[in-house]
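The following note is offered in reply to a request for comments on the fold and its interior. The points are numbered so that each may be taken up separately.

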Amino acid sequence: MRMQFVGRTGTFTYRMLATVLAAQSILLFFGALVARGTAIAAGKDGGRVFASGCALAVLAVLAAGLMRTPFGLPLGWLVQVLTWASAVWVPMMLAVGLVFTALWVFCLLRGPRAEALVAEHRAAAEADAGFLQRGMDLVERRLARLHRHRQQPDEVGQHQDRPGACQDDGTVV
């Protein structure tokens with residue numbers, strides 16, 4: 001398996017990655033609040049740290065929204081790196097970085113495998129549908145042949161679907 005750093009991913013993969021980034025943005029915002037509170041408690045201005053943390057949370061949301069494009073994946077990696085770097089202000093962001101980077105890598109590695117399984121299942125379903133359609137066509141041809149056979153005159157010269165026609169057992173309708 002090869003990990004991707006740039007480019008586009010499959011539909012299932014980018015949806016999983018976008019979900020990871022959306023959840024990560026929430027914790028990044030809470031980390032920004034903690035950084036602000038810590039700075040204020042230390043007697044410093046917490047506005048700049050809070051703005052930086054909020055910008056990182058917004059970047060995560062932006063990366064999640066751009067995951068369909070070629071820019072989404074590099075932005076997602078940038079969010080992962082900056083999450084680790086945010087541990088300078090809030091040490092517990094190491095745990096957030098660890099969990100979400102692990103989820104990010106897991107989605108990048110397992111997403112293509114899931115997409116391959118879905119494609120395989122879809123191909124099998126289409127093959128089954130083709131088999132079913134051929135069976136339906138065969139039944140329709142046999143019914144049409146039976147209907148034509150019933151329309152042909154019998155031995156007496158009458159049509160079987162008209163009154164007075166002979167049945168298979170010899171009785172007259």
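1. Nonpolar core. The model under discussion is a predicted one. Its largest nonpolar core comprises 28 residues, and those with the most contacts inside it are Leu17, Leu21, Leu28, Met67, Leu73, Val79 and Trp104. Helices H1, H2, H3 (72-85) and H4 (93-151) are the elements that each give two or more residues to this core. H1 supplies the largest share, with 8 residues. As background, nonpolar side chains tend to be buried together in soluble globular proteins.

2. Trp104 within the core. Which residues does Trp104 touch, not counting those up to four places away in sequence? Its partners are Leu17, Val20, Leu21, Met67, Leu73, Gly76, Trp77 and Gln80. Among these partners, Leu17, Leu21, Met67 and Leu73 are also listed with the residues that have the most contacts inside the core.

3. Overall architecture. The chain contains 4 helices and 0 strands, and along the sequence this reads as α-α-α-α. Of its 173 residues, 28% are buried. Where contacts join residues at least 6 apart in sequence, 61% of them link residues at least 24 apart.

4. Packing of H1 against H2. Helix H1 covers residues 11-41 and helix H2 residues 47-65; their axes lie 8 Å apart and meet at an angle of about 175°. The two helices are therefore roughly antiparallel to each other, since an angle over 145 degrees falls in that class. From H1, the contact is made by Ala18, Leu21, Ala22, Ser25, Leu28, Phe29, Ala32, Leu33, Ala35 and Arg36. From H2, the contributing residues are Val49, Phe50, Gly53, Cys54, Leu56, Ala57, Ala60, Val61, Ala63 and Ala64. Sorted by class, this contact has 17 nonpolar, 2 polar and 1 charged residues.

5. Ala18 on the H1 side. Ala18 belongs to helix H1 and is one of the residues that make the contact with H2. Ala18 counts as buried because its relative accessibility is 16%, and the limit for that class is under 20%. Leaving aside neighbours within four places in sequence, Ala18 is in contact with Ala64 and Met67. Its C-alpha atom is separated by 8.2 Å from that of Val61, although their positions lie 43 residues apart along the chain as a sequence separation.

6. Gly37 further along H1. Is Gly37, in helix H1, buried or partly exposed? Gly37 has a relative accessible area of 36% and is therefore partly exposed. Gly37 and Phe50 are 13 residues apart in sequence, and their C-alpha atoms are 8.9 Å apart in space. Phe50 is one of the H2 residues in the contact with H1.

7. A buried polar residue, Gln24. Gln24 also lies in helix H1. With a relative accessibility of 0%, Gln24 counts as buried. What joins the side chains of Gln24 and Gln80? The pair is joined by a polar contact of 2.8 Å. Beyond its neighbours within four places in sequence, Gln24 is in contact with Val79, Gln80, Thr83 and Phe100. Gln80 also appears among the residues that Trp104 touches.

8. Thr9 ahead of H1. Thr9 sits in the segment before H1 and is buried, its relative accessible area being 17%. The Thr9 side chain reaches the backbone nitrogen of Tyr14 at 3.4 Å. Residues up to four places away in sequence aside, Thr9 touches Gln4, Tyr14, Leu17, Leu73 and Leu108. Two of these partners, Leu17 and Leu73, are named with the best-connected members of the core, those with the most contacts inside it.

9. Leu59 and Leu78, between H2 and H3. Leu59 lies in helix H2, and Leu78 in helix H3. Leu59 is buried at a relative accessible area of 19%, whereas Leu78 counts as partly exposed at 38% relative accessibility. The two residues are 19 apart along the chain, and their C-alpha atoms are separated by 9.0 Å. Neighbours within four places in sequence aside, Leu59 is in contact with Leu75, Leu78, Val79 and Leu82. Leu78 is also 9.6 Å from Leu56, C-alpha to C-alpha, at 22 residues apart in sequence. Leu56 is among the H2 residues that make the contact with H1.

Technical notes. Residues numbered from 1 in each chain as written. Predicted model: local features only at pLDDT ≥ 70, side-chain atom pairs only at ≥ 80, totals over all residues. Heavy atoms only, no water. Axes fitted to C-alpha atoms, helices over the stretch in contact; angles between N-to-C directions. Parallel < 35°, antiparallel > 145°, perpendicular 65-115°, else oblique. Contact = heavy atoms within 4.5 Å. Nonpolar A, V, L, I, M, F, W, Y, C, P; charged D, E, K, R; others polar. Buried < 20%, exposed > 50% of the residue type's maximum accessible area, 1.4 Å probe, protein only. Polar contact = N/O pair within 3.5 Å; in protein donor to acceptor, adjacent residues only side chain to side chain. Core = buried A, V, L, I, M, F, W, Y, C linked by side-chain atoms within 4.5 Å.
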